[in-house]
Amino acid sequence: MIPALNEAPNLPTVVNSVPTGALHALGWETEVIVVDNASTDDTAAVAAALGATVVSQPERGYGNAYHAGFRAAKGDVIATGDADCTYPFDSLPELLGTLTEADVEFMTTNRLRRENRSAMKRSHTVANYALSALSRALFRNGLRDSQSGMWVFRRYVWDGVEVTSTGMAFSQEIKNAATQAGYRYLEVPIEYRNRQGEVKLNALPDGMANLRQLFEHRFRRSGGERPARYERRHTPA
């Protein structure tokens, strides 16, 4: 699943990097979903021409895009990443292998390794470290990169968590919600690549919103029960 706001130039690279042939050979039926988040360019048309399923979300916001996309998703396993060429969709066979072999329900990724530093502005790196440290302190889940946008998880996890963020804080909220709910989780390192095209992140307002959301989430009263454990089998990714 790929949220996209005015990413038409990047979509051919991103969509074609999804190794559908290799995944099929491993027993995974794959649907590529692009969520068009009120783009003013040809994002939707380009995605459709590339064979992706296009979901329209007219209300802008990173979280809004994922809320719409998850409603439309049919697969039993969901993998996510941005449309800016930074995330390694070509690593999905290995990531899915780890998900199944480690028998985890929610897997997130860590971009904050020394070898990835050139792909991220220093100010963004510092902010990511700070937010991640605070998130670990509040939720005690040990995750090193609370802001990573690449996750691989069982579809039912989404049905069993309460995630309300409509903006960039969605990324940290879904991780903290899944780990707090008691799902089996794992964080794995990934390669993080140079961003292509216009930067959508508004560093200061997004950072402050994420900071506020961490405290609101930590002290939120949560309702509902997590669903029964999923019986593992090869199903659509």
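This is a short walk through a predicted model, stop by stop, with something to select at each one.

**Stop 1: helix H6**

Start by selecting residues 122–139, which make up helix H6. Put a distance between the C-alpha atoms at its two ends and you should get 26 Å. At 1.5 Å a residue, 18 residues should span 26 Å, so the helix agrees with expectation.

Now colour the buried residues of H6: His124, Thr125, Asn128, Leu131, Ser132, Ser135, Arg136, Leu138 and Phe139. Where do they sit when you look down the axis of H6? They fall within an arc of 160 degrees, so they line one face of the helix.

Before leaving, click on Arg140, which follows H6 and has a positive phi, near 50 degrees.

**Stop 2: Ser148**

Keep going along the chain to Ser148, in the loop between H6 and strand S6 (151–154). Is Ser148 buried or exposed? Its relative accessible area is 0%, so Ser148 counts as buried. Show what surrounds it: setting aside neighbours within four places in sequence, Ser148 is in contact with Tyr87, Thr108, Thr109, Arg111, Ser171 and Lys175.

**Stop 3: a salt bridge inside helix H7**

Next, select Arg155 and Asp159 and show their side chains. They form a salt bridge, with the closest N and O atoms 3.0 Å apart. Both residues lie in helix H7 (residues 155–159), four residues apart, which is about one turn of the helix. The two partners differ in how much surface they show: Arg155 is buried at 15% relative accessibility, whereas Asp159 is exposed at 53%.

**Stop 4: salt bridges between distant parts of the chain**

The whole structure has 10 salt bridges. Two more are worth a look here.

Select Asp84 and Arg195, whose side chains meet in a salt bridge at 3.7 Å, N to O. What does this pair tie together? Asp84 is in the loop between S4 and H5, and Arg195 is in the loop between strand S7 (185–189) and H9, so the bridge joins parts that are 111 residues apart in sequence. Asp84 is buried, at 8% relative accessibility, while Arg195 is partly exposed, at 22%. Add Glu7 to the selection as well: Glu7, Asp84 and Arg195 are linked in a network of salt bridges.

Then move to Arg184 and Glu105, another side-chain pair in a salt bridge, this time at 3.6 Å, N to O. Arg184 belongs to the loop between helix H8 (170–180) and S7, and Glu105 to the loop between H5 and strand S5 (106–110), so this pair ties together parts 79 residues apart in sequence. Check the accessibility here too: Glu105 is buried at 1%, and Arg184 is partly exposed at 30%.

**Stop 5: two positive phi values**

Most residues other than glycine have a negative phi. With that in mind, go back to the Asp84 loop and click on Cys85. Its phi is near 75 degrees, a positive value in a residue other than glycine. Cys85 is in the loop between strand S4 (77–79) and helix H5 (92–101), and it is buried, with a relative accessible area of 15%.

Now jump to Asn6, where phi is also positive, near 55 degrees. You'll find Asn6 in the loop between strand S1 (2–4) and helix H1 (11–16). Asn6 is partly exposed, with a relative accessible area of 22%.

**Stop 6: Ala38**

Select Ala38, in the loop between strand S2 (33–36) and helix H3 (43–49). This alanine is partly exposed, at 25% relative accessible area. Which residues does Ala38 contact, leaving aside neighbours within four places in sequence? The list is Leu5, Gln57, Pro58 and Arg60. For one more distance, pick the C-alpha atoms of Ala38 and Ala65: they are 27 residues apart along the chain and separated by 9.4 Å.

**Stop 7: a nonpolar patch**

Finish with the surface switched on. Select Leu204, Met208, Leu211, Phe215 and Phe219, which make a nonpolar surface patch of about 530 Å². For a closer look at one member, pick Met208, which is in helix H9 (residues 203–218). At 45% relative accessibility, Met208 counts as partly exposed.

How values were computed. Residues numbered from 1 in each chain as written. Predicted model: local features only at pLDDT ≥ 70, side-chain atom pairs only at ≥ 80, totals over all residues. Heavy atoms only, no water. Buried < 20%, exposed > 50% of the residue type's maximum accessible area, 1.4 Å probe, protein only. Patch = residues over 30% accessible without salt bridge, like charges linked within 9 Å, V, L, I, M, F, W, Y side chains within 5 Å. Areas by Shrake-Rupley, 256 points an atom, 1.4 Å probe, with all protein chains shown as cover. Salt bridge = Lys/Arg side-chain N within 4 Å of Asp/Glu carboxyl O. Expected span 1.5 Å × (residues − 1). Arc of directions from axis to C-beta. Contact = heavy atoms within 4.5 Å.
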